[in-house]
Amino acid sequence: MALFELEMLGGAIEKRYRRMRPEVESMPWGTLDLSDVPAEERVRARLAWTQAAYQEHRTGVGVTEALRLLMQAQAPLDLIALGARFPLDETVHVELCARMAMEAGGGTEILYDPYQMIIGATFPGPPLLQAAELMVRFFCVGEALSIPLLRGTWKAARHPLSKAVLGRIVKDEAAHGTFGYMFLDWAEAKLTRSDRKLLGQAADLAIDAVMAQWEDLKRRPKAEWREGNALAWMATEPYLELAARSMNENVLAPLRERDIPVSRLPSGV
Ligand SMILES: [Fe+2]
Ligand SMILES: [Fe+2]
């Protein structure tokens, strides 16, 4: 197991990185005053932002793996070029979330197995089919769902720093969330009926994994968010309602429109 830790080389290397994404340093770091926030809420924020940093780190691995397969499958050059930005985006998101955890009082401990961070392609077959599997699981389900959920959280955030961090992530995710469908629109003609069936099953698995996380959220103790609180955040109930709606509109409907026979039914929201 590895401890989730981040380091920077600093100096000239950091300067070059900062030039690539100058917006990070212009955010109002150091302005989160948590003196009126109860200790439990602070701990919850530290946990949430550290978890978010780890999830972004994991997503970075996922998008890089999908990108490798797209290249091997000789996907269109311009499509690959759009996706080539994503590993950098996710790296920036790792930094933003980790710094938010620090602002809230420090990161929390996360242990993970670096060999099992993502489930890579499982379909035997050519790179195109393997790329399609990852595009469906990581992008058509994962990233497509994250757009409306992040936007909702960004809207609910009150503090300028949380707003700036979430706003940046929302902007980047807008491109990530539509990428899977751009790929499918190109690949559609090359996919056989049995390929589509496999892709439907892959989507089902990814959807089940997301639903399990939502079930977990439902069982968590409710946080008492107060208006004006520096950590004001989206409460669990509206989040889950938005999540169910987004699953229907951003995942199930567009997959079916592209003849990917996903079998999970829309929930009645
Ligand atoms: Fe991200
Ligand atoms: Fe993303």
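**Exercise 1. Is Arg258 buried or exposed, and what does its side chain pair with?**

Start with the accessibility: Arg258 sits at 15%, so it counts as buried, the cut-off being under 20%. Keep in mind that this is a predicted model.

Next, look for a partner. Arg258 makes a salt bridge with Asp185, and their closest N and O atoms are 2.7 Å apart. Now place the two on the chain: Asp185 belongs to helix H6 (residues 160-187) and Arg258 to the segment after helix H8 (236-257), so the bridge ties together parts 73 residues apart in sequence.

Finally, check the other end. Asp185 has a relative accessible area of 44%, which makes it partly exposed.

**Exercise 2. Work out how helix H4 (residues 86-103) spans its length and how enclosed it is**.

Length comes first. H4 has 18 residues, and from first C-alpha to last it reaches 25 Å. At 1.5 Å a residue you'd expect 26 Å, so the span is close to that.

Then go for burial. Of the 18 residues in H4, 13 are buried, so the helix is largely enclosed by the rest of the structure.

Last, step just past the end of H4: there Gly105 takes a positive phi of about 130°.

**Exercise 3. Which salt bridges do Glu95 and Arg99 make, and where are their partners?**

Take Glu95 to begin with. Its partner is Arg18, with the closest N and O atoms 2.8 Å apart. Glu95 is in H4 and Arg18 in helix H1 (residues 11-20), so this pair ties together parts 77 residues apart in sequence. Both Glu95 and Arg18 are buried.

Now do Arg99. Its side chain meets that of Glu25 in a salt bridge, 2.9 Å from N to O. This pair links distant parts of the chain too: Arg99 lies in H4, and Glu25 in the loop between H1 and helix H2 (39-72), 74 residues apart.

For accessibility, Arg99 comes out at 24% and is partly exposed. Glu25, at 44%, also counts as partly exposed.

**Exercise 4. How many salt bridges are there in the whole structure, and which residues are linked in a network?**

A search of the whole structure turns up 17 salt bridges. The network links Arg21, Glu23, Arg85, Asp89, Arg168 and Asp172.

**Exercise 5. Find the residues that form a nonpolar surface patch with Leu111**.

Locate Leu111 to get going: it is in strand E2 (residues 111-112). Then pick up its patch mates, Met1 and Leu3. Together, the three residues have about 340 Å² of accessible area.

Definitions and conventions:
Residues are numbered from 1 along each chain as its sequence is written. Chains are lettered from A and ligands numbered from 1 in the order in which they are written. This is a predicted model: local features need pLDDT of at least 70, side-chain atom pairs count only at pLDDT 80 or more; totals for chains, interfaces and linings use all residues. Side-chain values use heavy atoms; hydrogens and water are left out. Patches are made of residues with over 30% relative accessible area and no salt bridge: like charges are joined within 9 Å, nonpolar side chains (Val, Leu, Ile, Met, Phe, Trp, Tyr) within 5 Å. Accessible areas come from the Shrake-Rupley method with a 1.4 Å probe; for residues, only the protein chains shown count as cover. A salt bridge is a side-chain nitrogen of Lys or Arg within 4 Å of a carboxyl oxygen of Asp or Glu. Helices (H or I, at least four residues) and strands (E, at least two) are DSSP runs, numbered from the N terminus. Buried means under 20% relative accessible area, exposed over 50%, partly exposed in between (1.4 Å probe, protein chains only).
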